[in-house]
Amino acid sequence: MIVEVRQNGTNRAVYINTGIKLYPNQFSNKNGLVIKNHDKANMLMVKAKSIFNKVEAFAYSDECTSLQDVKNYNKTETYNKNVLDFMRRELRERNPTESVLEHHKNSKFRDRSNEILFIDARNLGHLINRRTRVLSDEDIQNIAGTYHNWRNTDGAYEDIPGFCASVPVERVKELDYVLTPGRYVGLPEEEDDFNFNERFTALKAEWKEQLKEEERLNKLIAENLKKIKIDE
């Protein structure tokens, strides 16, 4: 399956190989992409949409100024994919006793050779434009601290719903090696100290103040409009 990125107003285009191999009877593109007649159709649809969304987000970002940028981005994404594929093969095939983590045996690190730490940082950081989110120094320290607490023998690590989870490799295998953090960390716990009455009262008072300000501004605008004279 190939993704075409075409430059507006020209015949120039870049073609990106998604790595998804399908027969003609296994997909339809009449009213949007549909993958069918495949035992992993849902998983492939998720993968295809993820690739489309990444390419589209980059193409509309401030970082992309030409088709060459798209080519370079595709090379980087391909490299990252190859690294992830290598990691997946290692998880499937390598005997834990032969793992490179064996080097840290009897050291200050915990034996995490049969676990994966998932961190979902989607709710961290702030948007600097429509598509780019930047992590603050505090966010980076939070993520790094979580990893070190998980890895070090003296670290006080615990799973936090909606943010991080230490998951056995067997569980990842059960989910067909899907590496999306949200599948494992779950949803954040609701705050028990939320007081609806207090919140509602505060919002109501704020709304009334905004109505007063709107009325004041409308009067000011009307008065200024009266001062404008139009020569006929």
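Helices, taken here as runs of at least four residues in the DSSP assignment, are numbered from the N terminus, as are the strands. The model shown in these views is predicted.

**View 1. The protein chain as a whole, with its helices and strands.** The protein chain of this predicted model has 232 residues, of which 22% are buried. Its secondary structure comes to six helices and eight strands, and, read from the N terminus on, these elements follow one another in the order β-β-β-β-α-α-β-β-β-α-β-α-α-α. When contacts between residues at least 6 apart in sequence are considered, 50% of them join residues at least 24 apart. The accessible surface of the protein chain comes to about 18300 Å², and carbon and sulfur atoms account for 51% of that surface.

**View 2. The stacked aromatic pair of Phe 118 and Tyr 184.** How many aromatic pairs does a search of the whole structure find? The search finds two, and in this view Phe 118 and Tyr 184 form a stacked pair, with 4.2 Å from centre to centre and 15° between the planes. Phe 118 belongs to strand β5 (residues 115–119) and Tyr 184 to helix α5 (residues 182–185), so the pair ties together parts of the chain that are 66 residues apart in sequence. Both Phe 118 and Tyr 184 are buried.

**View 3. The tilted aromatic pair of Tyr 147 and Trp 150.** Here the rings of Tyr 147 and Trp 150 form a tilted pair, their centres being 6.1 Å apart and their planes meeting at 40°. Tyr 147 and Trp 150 are three residues apart in helix α3, which means that about one helical turn separates them. Is Trp 150 buried or exposed? Trp 150 counts as buried because its relative accessibility is 6%, and the cut-off for buried is under 20%. Tyr 147, in turn, is partly exposed, with a relative accessible area of 39%.

**View 4. Asp 139, a buried charged residue in helix α3.** Asp 139 lies in helix α3, which covers residues 137–151. Although Asp 139 is buried, it has no salt bridge, and the nearest side chain of opposite charge, that of Arg 133, is 7.5 Å away. That distance of 7.5 Å can be set beside the salt-bridge cut-off, which asks for a side-chain nitrogen within 4 Å of a carboxyl oxygen. Apart from its neighbours within four places in sequence, Asp 139 is in contact with Leu 124 and Gly 125.

**View 5. Leu 135 in the loop before helix α3.** Leu 135 is found in the loop between β7 (133–134) and α3, and, at 32% relative accessibility, this residue counts as partly exposed. Which residues is Leu 135 in contact with, leaving aside its neighbours within four places in sequence? Leu 135 is in contact with Leu 124, Gly 125, Ile 140 and Ile 143. The C-alpha atoms of Leu 135 and Gly 125 are separated by 4.0 Å, while the two residues are 10 residues apart along the chain.

**View 6. Three salt bridges along helix α6.** The structure holds seven salt bridges, and this view turns to those of Lys 212, Glu 213 and Lys 219. Lys 212 forms its salt bridge with Glu 209, the closest N and O atoms being 3.9 Å apart, and these two residues lie three residues apart in helix α6, about one turn of the helix. At 54% relative accessibility, Lys 212 counts as exposed. Glu 213 forms a salt bridge with Arg 216, with 2.7 Å between the closest N and O atoms, and both are in helix α6, again three residues apart. Glu 213 is partly exposed at 36% relative accessibility, and Arg 216 is partly exposed at 46%. The side chains of Lys 219 and Glu 215 meet in a salt bridge of 3.8 Å, N to O, and these two residues of helix α6 are four residues apart, about one turn of the helix. Lys 219 is partly exposed, with a relative accessible area of 49%, and Glu 215 is partly exposed, with 47%.

**View 7. A nonpolar patch on the surface.** Leu 217, Leu 220, Ile 221, Leu 225, Ile 228 and Ile 230 form a nonpolar patch on the surface, and together they have about 590 Å² of accessible area. Ile 230, one of these residues, is placed in the segment after α6 (196–226). At 70% relative accessibility, Ile 230 counts as exposed.

Key
Residues numbered from 1 in each chain as written. Predicted model: local features only at pLDDT ≥ 70, side-chain atom pairs only at ≥ 80, totals over all residues. Heavy atoms only, no water. Patch = residues over 30% accessible without salt bridge, like charges linked within 9 Å, V, L, I, M, F, W, Y side chains within 5 Å. Areas by Shrake-Rupley, 256 points an atom, 1.4 Å probe, with all protein chains shown as cover. Buried < 20%, exposed > 50% of the residue type's maximum accessible area, 1.4 Å probe, protein only. Lys, Arg positive; Asp, Glu negative; His and termini not counted. Contact = heavy atoms within 4.5 Å. Phe/Tyr/Trp six-rings, centres within 6.5 Å; stacked < 30°, edge-to-face > 60°.
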